[in-house]
Amino acid sequence: MELLPLLFLSFCFLTLSGLTFGAESASPVIVMEDDDVILPCSLSTNENIESMLFVWKKEGTVPRKEVFMYDAGTDSKGQDEEFKGRVSHFPEQLKHGNASIRINKTTLEDNGNYTCSFPIIQSSGKTFRIELVVGAAPQPSVTNLDQTNDWALLQCDVQGAYPKPTVEWWNSNNQTIPSEEPQVSKNGERFYVTLKATVRKIDRYRCVATQKEIHHQIYKEINVHLNGAAPKPYVTMLETKGQLECEVLGASPKPTVEWWDNNNKTLHSKMLQYKEEHGLSYITIQTTVTKPGCYRCVATQMDIGHQIPSSKICVHDVTRSGTGMTRAALVSVIFGIVGILASV
Ligand SMILES: *[C@@H]1O[C@H](CO)[C@@H](O)[C@H](O)[C@H]1NC(C)=O
Ligand SMILES: *[C@@H]1O[C@H](CO)[C@@H](O)[C@H](O)[C@H]1NC(C)=O
Ligand SMILES: *[C@@H]1O[C@H](CO)[C@@H](O)[C@H](O)[C@H]1NC(C)=O
Ligand SMILES: *[C@@H]1O[C@H](CO)[C@@H](O)[C@H](O)[C@H]1NC(C)=O
Ligand SMILES: *[C@@H]1O[C@H](CO)[C@@H](O)[C@H](O)[C@H]1NC(C)=O
């Protein structure tokens, strides 16, 4: 018995309005900036509207901006600059009462409420609204600002998002970790958020930006190696006979890196590269061995009692100057001989 008034009510509503949206819910249409979007509007009667008038407007200004007008096939003269060349309707859909439009290359300025109306058949004066939400969701960028053996200070930047994102640092179990108060600024419609967190564990951390309104989540990860213990040195034999290279990539505190012979005697070597990045040292050294044998490169961090050797690298074929003669010495010997010959 209670169903009857309800049915009657909805009957009244439908006949008075004569209009419903394709999806009868009032949920907004969501699109990411630069993408194209369809704003739906259909007559529930499905009657042919090829020879009718319908107008799309955008709310928020007085007078409201004209987005698109269809007047039995003639072009609109009042279309707002903002929408010129970007809006089209679906001619083949008109005979089914479909007055939907397509807006190309949406921008954040397109955010807002739009109305679709049929001024002639619409007796009630009620217009139909749809909310368009245009989102911008740039990927966060993450940096390790500073670190010691015990902690690392991570920073996440989200540049130019809309709507305002919630930014969080997560650990690899997807748990939110404590962080500082986010710094938020705004430029035009866009939000800029910076979030710092101090972490004390070796882990893969993730900065997550969430925009509930547009059902969007995006993240960027960063690995933190806290203890800084030097990794196993990486050794290679170079093309020049007897030349060996050793790399230690990422250690804190700064290690001593040396080439050792079979008797653990340190060989003379030269530093090819030294750099520090995010508190970690990157070291490359080179040595020239003059005797066949097996050698190792060793990284030592006295402060943390850590020493790690490379795997052995064995050299069978060394430079001809078996006495450890340098090229310069060899050259002077040759010139000496030439000098002696010339003087004869
Ligand atoms: C109206 O036309 C558009 C474009 O072809 C389509 O996406 C939409 O589903 C149509 N609406 C209805 C109610 O058929
Ligand atoms: C919108 O883009 C689609 C495909 O990207 C294109 O077919 C259509 O002509 C464009 N509409 C306008 C009004 O430029
Ligand atoms: C669109 O309309 C809804 C209410 O229907 C309102 O909450 C919202 O703020 C409006 N959006 C804009 C951008 O004006
Ligand atoms: C964390 O979430 C991501 C998806 O965002 C998922 O792929 C991953 O398996 C989750 N990790 C854990 C430990 O739950
Ligand atoms: C060289 O040092 C290693 C440890 O790094 C040790 O195991 C080995 O016995 C030493 N060899 C000699 C000849 O002292």
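A polar contact is taken here as a pair of N or O atoms within 3.5 Å; within protein, one must be able to donate a hydrogen and the other to accept it, and residues adjacent in sequence count only if both atoms are side-chain atoms. The model is predicted, with local features requiring pLDDT of at least 70 and side-chain atom pairs pLDDT 80 or more, while totals for chains, interfaces and linings use all residues. Residues are numbered from 1 along each chain as its sequence is written, and side-chain values use heavy atoms, without hydrogens and water.

A polar side-chain atom of Asn 104 is placed 2.4 Å from an oxygen atom of ligand 2. A polar backbone atom of Gly 85 is 3.4 Å from an oxygen atom of this ligand. The surroundings of ligand 2 (heavy atoms within 4 Å) consist of Asp 36, Gly 85, Arg 86, Val 87, Arg 102 and Asn 104. On its own, ligand 2 has 360 Å² of accessible area (Shrake-Rupley method, 1.4 Å probe), and the protein covers 43% of this.

Lys 58 belongs to strand 5, residues 53-58 (strands are DSSP runs of E, at least two residues, numbered from the N terminus). Lys 58 is buried (under 20% relative accessible area, 1.4 Å probe, protein chains only) but has no salt bridge (a side-chain nitrogen of Lys or Arg within 4 Å of a carboxyl oxygen of Asp or Glu). Glu 82, the nearest side chain of opposite charge (Lys and Arg positive, Asp and Glu negative; His and chain ends not counted), is 4.3 Å away. The Lys 58 side chain instead reaches the backbone oxygen of Glu 109 at 2.6 Å and that of Asn 111 at 3.3 Å.

Note on methods:
Chains lettered and ligands numbered in written order. Helix = DSSP H or I, 4+ residues; strand = E, 2+ residues; numbered from the N terminus. Buried < 20%, exposed > 50% of the residue type's maximum accessible area, 1.4 Å probe, protein only.
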